[in-house]
There are 2 protein chains.
Amino acid sequence: MIGLVNSEDGPRVTHALPLPTVLAEATLRLSVGGVCATDLEIAKGYMGFRGVMGHEWVGVVEAAPDPSWIGRRVVGDINCPCGACATCRAGRPTHCPHRTVLGIAGRDGAFSERFTLPVANLHAVPDGVSDEAAVFVEPLAAALEILEQIHVRPSDRVVVLGTGRLGQLCARVLALTGAEVTGVGRDATRLGMLPRGVKRARPEELATSAADIVVDSTGAPEGLELATRLVRPRGTVVLKTTVHDPAPQLPTPWVIDEIHLVGSRCGPFDPALRLLASGAVDPTPLITGRYPLERADEALAAAARREHVKVLIAGM
Amino acid sequence: MIGLVNSEDGPRVTHALPLPTVLAEATLRLSVGGVCATDLEIAKGYMGFRGVMGHEWVGVVEAAPDPSWIGRRVVGDINCPCGACATCRAGRPTHCPHRTVLGIAGRDGAFSERFTLPVANLHAVPDGVSDEAAVFVEPLAAALEILEQIHVRPSDRVVVLGTGRLGQLCARVLALTGAEVTGVGRDATRLGMLPRGVKRARPEELATSAADIVVDSTGAPEGLELATRLVRPRGTVVLKTTVHDPAPQLPTPWVIDEIHLVGSRCGPFDPALRLLASGAVDPTPLITGRYPLERADEALAAAARREHVKVLIAGM
């Protein structure tokens, strides 16, 4: 079968992949995949991952230990915890030290015709949510993780750095709180993609020490330094950027200004599905490219270019 | 009059200081001063401060716009905010961008025979609290700031890195929550100074990713990296270290493990006075040296040596 493999020589579409067979897991057929900044970092060497790429997807269950799942349209949590260790039992399965992560660590990903995940990871997609919306569930959940971690008040001034894939979703979710949200970037087209009600600014237009909350979703090594400059004393910086070559940071301003920093990663799928089903968040205007699975390597290359926000990969 | 001045050539005892005169402020006579790690950093160039050093002190009011203060034994908040700007009006006066800080920024400090502070900064010392206990109010308040900022649960595992001046006080305050507190250092004498009920460990004896909360009060550039290694996923690292030459940090593990980092600086004086008055915290066993004001530069040099924890300076 066909799949996009991160090999020693970088991402390659391979035609001779063996069918995945893990009896305790569901076998999934890819409907639509989404290319994420993490995929681009993995192609550069982040996490040292080798194997089938991809962790944003919507698909159909072809086989499952519980047959009631068969034929259903699903998305799925990408972290596969052991379920037995102290971290799992403490209620933090997404941080299980023994976990595998779909297309990121120890487990082949979704950019292939068939792949597997534990049934416990699956979430049925409501009928009213299209495949092209459902493929955003994983990054939308990552944006919602901010609201799982910190209390955003309706009166807060929130700055979202980065108008790319994740920044756009963070701005949408944070604006739902009623807070004054400013999306920050340099690209006029991407600034124009921010939804109504979200203010737009270039980095140099922002006052220093004026934001209650700053989200660094730049995906760039210099994002955290800018966030530190923009946040007010005792404000909060949310760290969303993971890059292969992070920039070292000097901690002194965080101590003097008593800044809170919060690392933020994967989030809850069910609230993301609810917001897509209600229409409160519509991510589909962010789609700028579509490629068939056989040209998934081109999809990856396209996603790295500035004119693209979200590039999708269609299953076979 | 006599005072310890941080000059171009480093800290010097000066005999020809003019008397301070700020009519709207109280004039204070130093009873006892305490040397802090921040003083040692200032001597190295931290904050670029030039002038009379010292911000840990207990003294007597000699003159004040409100005469009811005259003759009273007092301690005082070291931050002098403008009281009028947006930050002050938002209830964060210790972060006022126009503030001066006693012996640290824009204002002569306490290591001189007389100095001044706004009356609003003063706190009367209860009769049952000795001068040698009261001089610890400022660093004890800084330790209490941790509990102002984060919720420490009785069931938490807390690690305090550093058994120096501030680490000792942090361990004492955190142990009052009922949490399992481990003080970490390399010096057997300082480990022995940790109070009953606080566990003691060397850094290499600690399990990685096992602490709910880690306080970096090492005062050393490498403390934050160790704290990052010891804290569990979604745990909290409290940043207490400010050094002239901080070590750059790579943010990636904070994102992946969703760590909370909280910069922590000055704290509330009234709770510190209450804990000294009740006897719940007794800092006086930490006193390892006493110098007269005329030899305040020797006090500073002594405080930099490993055999000393808290070095005091006696007023004239």
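A salt bridge is counted here when a side-chain nitrogen of Lys or Arg lies within 4 Å of a carboxyl oxygen of Asp or Glu. The model is predicted, so local features need pLDDT of at least 70 and side-chain atom pairs count only at pLDDT 80 or more, while totals for chains, interfaces and linings use all residues. Residues are numbered from 1 along each chain as its sequence is written, chains are lettered from A and ligands numbered from 1 in the order in which they are written, and side-chain values use heavy atoms, with hydrogens and water left out.

**Exercise 1. Describe the contact of chain B and chain A by its residues, its buried area and its polar pairs.**

Step 1. Taking contact as heavy atoms within 4.5 Å, chain B contributes 37 residues and chain A contributes 37 residues.

Step 2. The two chains bury about 3200 Å² between them, and 59% of this lies on carbon and sulfur atoms; buried area is the accessible area (1.4 Å probe) that two parts lose on being put together, summed over both.

Step 3. Between chain B and chain A the count is two salt bridges, and one that can be located joins the side chains of Arg234(B) and Glu145(A), at 3.4 Å from N to O.

Step 4. Across the interface, 16 residue pairs, both at pLDDT 80 or more, are in polar contact, that is, a pair of N or O atoms within 3.5 Å, where within protein one must be able to donate a hydrogen and the other to accept it, and residues adjacent in sequence count only if both atoms are side-chain atoms.

Step 5. On the side of chain B that touches chain A, the elements giving two or more residues are helix 4 (137–149), strand 16 (231–239), helix 8 (252–256) and strand 17 (260–263); helices (H or I, at least four residues) and strands (E, at least two) are DSSP runs, numbered from the N terminus.

**Exercise 2. Find how strand 17 of chain A pairs with strand 17 of chain B.**

Step 1. Two strands pair if DSSP finds at least two bridges between them, and strand 17 (residues 260–263) of chain A pairs with strand 17 of chain B in the antiparallel sense over three bridges.

Step 2. Within this pairing, Leu261(A) stands opposite Leu261(B).

**Exercise 3. Work out the order and the edges of two open sheets, one in each chain.**

Step 1. In chain A, three strands form an open sheet in the order 2-1-4, with antiparallel pairing.

Step 2. Strand 2 (10–14) and strand 4 (51–52) of chain A stand at the edges with a single partner strand each, so one side of each is left without a neighbour in the sheet.

Step 3. Strand 1 (residues 3–7) of chain A is joined to strand 4 by two bridges, and Asn6(A) stands opposite Gly51(A).

Step 4. In chain B, three strands form an open sheet in the order 7-8-9, and the pairing is mixed.

Step 5. Strand 8 (residues 100–102) of chain B runs parallel to strand 9 over two bridges, with Arg107(B) as the bridge partner of Leu102(B).

**Exercise 4. Locate a salt bridge within chain A.**

Step 1. Over all chains the structure holds 34 salt bridges, among them that of Arg29(A) and Glu62(A), whose side chains meet at 3.1 Å, N to O.

Step 2. This pair links distant parts of the chain, with Arg29(A) in strand 3 (residues 25–34) and Glu62(A) in strand 5 (residues 56–63), 33 residues apart.
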